[in-house]
Amino acid sequence: MKKTKLKIAIAGAALVAAVATGTALAANGSSTGSGSTSASTSSSERTRTEHAEQKTPSVIKADGPNVFPHSLDFDARSNTFFAGSLKHGTVSAVRPDGKVRTFIDDPELVSAQAVLVDRERDRILVSNVDYGTADRSRKDAPFRVAGVGSYDLKSGKQDWCVDLTALTLDGKQHLISDVTVAPDGTAYAVDELTPTVFRIDRTGHASVFLRNDLLKGTLEIPDLLNGVGMSAVEWVEGNQLIIAMADGSLVRVPVKHPEKAQEVKLSAPLDSPTAGMRLLKDGSIAAVSSGLLTGKPAPIQRVEPRDGWKKATVKVTDTVEDPVTSDVTAGPDGTTYALSGGLADLFAGKPHDGFSLTPVKTD
């Protein structure tokens, strides 16, 4: 087993933090008509332009200091984003105006990474991890926590919180990077540091769903992690899991026949490291890749499936100026937002005054 390394002062992450601006490239411009001699026509054009500008979503500056979210999800019914905190082990409710309040504060959560709103069952699923940098961390033993918790969507109270390391008993380091849910309520959680996918039923009973070397991590993030593998997962039509590997590849796993897992043939690999995904209404996937290793803007990519997800076409649809952008989610009125949580500062041991959600194009 490769030794996973974590240093509080990370030169590479500090460099990324220095170049990160947290602003988005302009995605929605407006133009005004010219050459018209009619005052009423000009007034009408101005009205239409002003209406369009009002509809254009803007960057949400969240006022949560030192929250350091890695992932988030959106609940349309309450018009609220829910973001996990790697630092505090909490989940915050974030309003579109940027107001932040703690919604889930469970002592069993060390760091809250993946956050998924399961609207059908009025709950929030949260993955429990430990980078060694959280308030509740075991600083001398990072990556020894791996679990998933279920919380009531209205009250934030725990339904259950399952320890997935109890299933493996392998002495290895683990990191539950993401979780998805099937229509029957079964959750699937992916481990970034071992090639293991876990299945968790609605009552919190967990089992190992799949171990496959196809899911083994190969990406190295200098001075942070070695052998980084599965970074995100989505349940898609056809009762399949689409798993994003940090190296830019995708793996298709038929739920009824997980032994038939195979790599998706992509028109081009996703940029690496792939960080987060969102399933779109038409069955395509929007993915964001972090610029952590390059310091370049984070690309938003659209993945359109072909032949039942055996193949897919990849195209870049937008970018976010902040390189360390780690997730994409739905937003109000059919929008999509990308999350920049200040993670470079977290791993460099620096404070951060909040985080940002940037509207992005997905087609």
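## Aromatic pairs

A search across the whole of this predicted model turns up six aromatic pairs. Let us start with F81 and Y337, whose rings meet edge-to-face, with 5.6 Å from centre to centre and 75 degrees between the planes. This pair links distant parts of the chain, since F81 belongs to strand 3 (residues 80-84) and Y337 to strand 26 (residues 336-340), 256 residues apart. Are these two rings buried or exposed? F81 is buried, at 0% relative accessibility, and Y337 is buried too, with a relative accessible area of 5%. If you are following the rings on screen, add F74 to the view: F74, F81 and Y337 form one aromatic cluster.

The residue after F81 has a partner as well. The ring centres of F82 and F103 lie 5.2 Å apart and their planes stand at 55 degrees, so this pair counts as tilted. Because F82 sits in strand 3 and F103 in strand 5 (residues 100-104), the pair ties together parts that are 21 residues apart in sequence. F82 is buried at 4% relative accessibility, and F103, at 12%, is buried as well.

## Nonpolar cores

As background, nonpolar side chains in soluble globular proteins tend to be buried together. Here, the largest nonpolar core holds 35 residues, and those with the most contacts inside it are V148, L164, I176 and I200. Which element gives this core its largest share? That is helix 4, with four residues. Apart from this core lies another one, of 17 residues, among them V190, V197, W235 and V253.

I176 is a handy place to look at the surroundings of a core residue. Beyond its neighbours within four places in sequence, I176 is in contact with Q113, S127, V129, A146, G147, V148, L164, A189, V190, D191 and F198. V148 and L164, in this list of contacts, are also among the residues with the most contacts inside the largest core. V190, another contact of I176, is a member of the 17-residue core.

## Two buried residues, V233 and L215

V233 is found in strand 16 (residues 230-236) and is buried, at 1% relative accessibility. Leaving out neighbours within four places in sequence, its contacts are D178, V179, T180, Y188, V190, L241, I242, I243 and M277. From V233 to M245 there are 12 residues in sequence and 9.1 Å in space, C-alpha to C-alpha.

L215, by contrast, is placed in the loop between strand 13 (206-211) and strand 14 (219-221). Is this loop residue buried or exposed? With a relative accessible area of 1%, L215 falls under the 20% limit, so L215 is buried. Outside its neighbours within four places in sequence, L215 touches P195, V197, L210, G229, M230, I243, M245 and V251. I243 thus appears among the contacts of L215 and among those of V233. The C-alpha atoms of L215 and D191 are separated by 9.2 Å, with these positions 24 residues apart along the chain.

## The cavity

Where is empty space left? Rolling a probe the size of a water molecule over the atoms shows this. The model has one cavity of 30 Å³ or more, and the volume of the largest cavity is about 310 Å³. Its lining is made of 21 residues, of which H70, Y131, E192, I221 and L292 are the closest to the centre.

Two or more lining residues come from each of strand 15 (225-228), strand 21 (274-279), strand 25 (325-330) and helix 4 (343-347). Helix 4 gives the largest share of the cavity lining, three residues, and it also supplies the largest share of the largest core. Sorted by class, the cavity lining has 13 nonpolar, seven polar and one charged residues.

## The largest pocket

The largest pocket holds about 910 Å³ of space. There are 39 residues in its lining, and the closest to its centre are D73, L116, R119, E234 and L279. What is the make-up of this lining by class? It has 19 nonpolar, 10 polar and 10 charged residues.

At least two lining residues each come from strand 2 (72-75), strand 6 (111-118), strand 10 (176-181), strand 16, strand 21 and strand 25. Strand 21 and strand 25 are listed for the pocket lining and for the cavity lining. Strand 16, named for the pocket, is also the strand that holds V233.

Technical notes:
Residues are numbered from 1 along each chain as its sequence is written. This is a predicted model: local features need pLDDT of at least 70, side-chain atom pairs count only at pLDDT 80 or more; totals for chains, interfaces and linings use all residues. Side-chain values use heavy atoms; hydrogens and water are left out. On a 1 Å grid over the protein atoms alone, a cavity is a set of points where a 1.4 Å probe fits but cannot get out, and a pocket is an open set with protein on both sides within 12 Å along at least five of seven lines; lining residues have an atom within 4 Å of a point. Grid points are joined across faces, edges and corners, and a volume is the space filled by probe spheres set on the points. Ala, Val, Leu, Ile, Met, Phe, Trp, Tyr, Cys and Pro count as nonpolar, Asp, Glu, Lys and Arg as charged, and the others, Gly among them, as polar. Buried means under 20% relative accessible area, exposed over 50%, partly exposed in between (1.4 Å probe, protein chains only). Contact means heavy atoms within 4.5 Å. A nonpolar core is a set of buried Ala, Val, Leu, Ile, Met, Phe, Trp, Tyr and Cys residues joined through side-chain atoms within 4.5 Å. Rings of Phe, Tyr and Trp (its six-membered ring) pair if their centres lie within 6.5 Å; planes under 30 degrees apart count as stacked, over 60 as edge-to-face and the rest as tilted.
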